[in-house]
Amino acid sequence: MGEFVRVEINDGIGTIRLERPPMNALNSVVQEELRAAAQATTADPGVKAVIVYGGEKVFAAGADIKEMAGMSYADMADRAVELSGALGAIARIPKPVVAAITGYALGGGCELALACDWRVVADDAKLGQPEIKLGVIPGAGGTQRLARLVGPARAKDIILSGRMVDAQEALRIGLADRVVPADRVYAEAVALVTPYVDGPTQAVRAAKLAIDGGLEMDLASGLAWESQLFAALFATDDRREGMAAFVAKRKPDFTGR
């Protein structure tokens with residue numbers, strides 16, 4: 001659908017595919033195409049789950065430093081908001097989203113992976129936030145999403161050192177959810193999200209909204225948010241079907257409505 005990012009839909013799964021060789025650097029065009037892809041997969045009722053994939057060799061090795069090098073503070077004050085917003089659009093897709101990571105997921109590439117719900121990682125992949133080595137910090141969610149995922153102490157270790165994290169360490173600290181051989185990464189990502197294709201779409205959406213929204217609230221507010229989403233599901237066909245199927249001891253036939 002764009003010069004460097006395209007969306008493929010197969011059996012209810014939308015794949016957002018990065019294609020900017022050799023390293024899928026996230027320049028401003030890629031950023032905006034990612035935003036458009038997030039909006040497209042969000043709006044398409046035929047897409048029940050999403051995979052973000054950089055191909056067999058590399059996920060994304062970071063932002064386009066050549067593009068950034070000549071920018072002033074005023075330039076970046078505007079661009080940084082757009083960069084964060086582009087990856088935020090991925091995070092706000094109201095459907096299950098998994099990053100299928102091969103090769104490198106560094107800098108903006110790691111931040112793109114962090115915007116997903118899960119990360120399937122090749123056993124020889126490297127992840128990290130090396131921005132400190134350029135005299136800056138992660139600017140598209142790295143300091144916030146990484147700390148929430150692995151804890152502040154581990155996030156500080158990774159971000160302040162700028163070091164790369166291998167797949168096994170990523171799995172151990174919760175940065176990766178599954179580690180498989182590189183040639184199985186995409187297939188494993190498909191396997192992870194396939195159960196959601198025939199699931200209760202509105203309930204899945206509500207669960208994701210409850211968890212992600214609740215993380216930004218105090219406990220009392222989060223519980224109230226959860227209650228509101230829970231009650232709203234009683235207006236859906238899938239809730240009626242799910243409960244009727246339970247009572248009848250049969251498999252539910254969800255329609256996504």
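Which residue stands opposite A122 in β9? This report on a predicted model answers that question and then covers the sheets, one helix and some of the salt bridges.

**The sheet of six strands**

The residue opposite A122 is V180 in β9. The two strands behind this answer are β6, made of residues 118-122, and β9, and they pair in the parallel sense over 3 bridges. Both belong to an open sheet of 6 strands, whose order is β1-β2-β3-β4-β6-β9 and whose pairing is mixed. At the edges of this sheet are β1 and β9 (178-180), each of which pairs on one side only. From one strand to the next, the twist averages 20°.

**The sheet of three strands**

Another open sheet consists of 3 strands in the order β5-β7-β8, again with mixed pairing. Here β5 (104-106) and β8 (164-166) are the edge strands, and each has a pairing partner on one side only. Neighbouring strands of this sheet are turned against each other by 25° on average, direction ignored. Strand β7 covers residues 126-128 and pairs with β8 in the antiparallel sense over 3 bridges. Within this pair, L127 of β7 stands opposite V165 in β8.

**Helix α5**

Helix α5 runs over residues 142-150, and its residues G142, L146 and V150 are buried. Why do they lie on the same side of α5? The three residues cover an arc of only 20° around the axis, and therefore they share one side of the helix. The buried residues of α5 are covered by elements including α4 (108-114), α6 (152-161) and α7 (167-173). Just after α5 comes G151, which takes a positive phi of about 95°.

**Salt bridges**

Side chains of opposite charge can pair when their charged atoms come close. The structure holds 14 salt bridges. Three of them are listed here, including the distance between the nitrogen and oxygen atoms.

| Pair | N to O distance |
|---|---|
| E19 and R6 | 2.7 Å |
| R35 and E32 | 2.9 Å |
| R163 and E169 | 2.6 Å |

The salt bridge between R163 and E169 joins residues of unlike exposure: R163 is partly exposed, with a relative accessible area of 26%, whereas E169 has 15% and counts as buried, because buried means under 20%. Elsewhere, salt bridges that share partners join E32, R35, R79 and E82 into one network.

Where do R35 and E32 lie? Both are in helix α1, 3 residues apart, which is about one turn of the helix. R35 has a relative accessibility of 16% and so counts as buried. E32, at 29%, counts as partly exposed.

The side chains of E19 and R6 also meet in a salt bridge. This pair links distant parts of the chain, with the two positions 13 residues apart in numbering: E19 is in the loop between β2 (13-18) and α1 (28-43), and R6 is in strand β1 (residues 5-10). E19 has a relative accessibility of 30% and counts as partly exposed. R6 is partly exposed too, with a relative accessible area of 28%. Strand β1, where R6 lies, is one of the edge strands of the sheet of 6 strands.

Conventions
Residues are numbered from 1 along each chain as its sequence is written. This is a predicted model: local features need pLDDT of at least 70, side-chain atom pairs count only at pLDDT 80 or more; totals for chains, interfaces and linings use all residues. Side-chain values use heavy atoms; hydrogens and water are left out. A salt bridge is a side-chain nitrogen of Lys or Arg within 4 Å of a carboxyl oxygen of Asp or Glu. Helices (H or I, at least four residues) and strands (E, at least two) are DSSP runs, numbered from the N terminus. Buried means under 20% relative accessible area, exposed over 50%, partly exposed in between (1.4 Å probe, protein chains only). The arc is that of the directions from the helix axis to the C-beta atoms. Contact means heavy atoms within 4.5 Å. Two strands pair if DSSP finds at least two bridges between them. Axes are lines fitted to C-alpha atoms, for helices over the stretch in contact, and angles run from 0 to 180 degrees between N-to-C directions.
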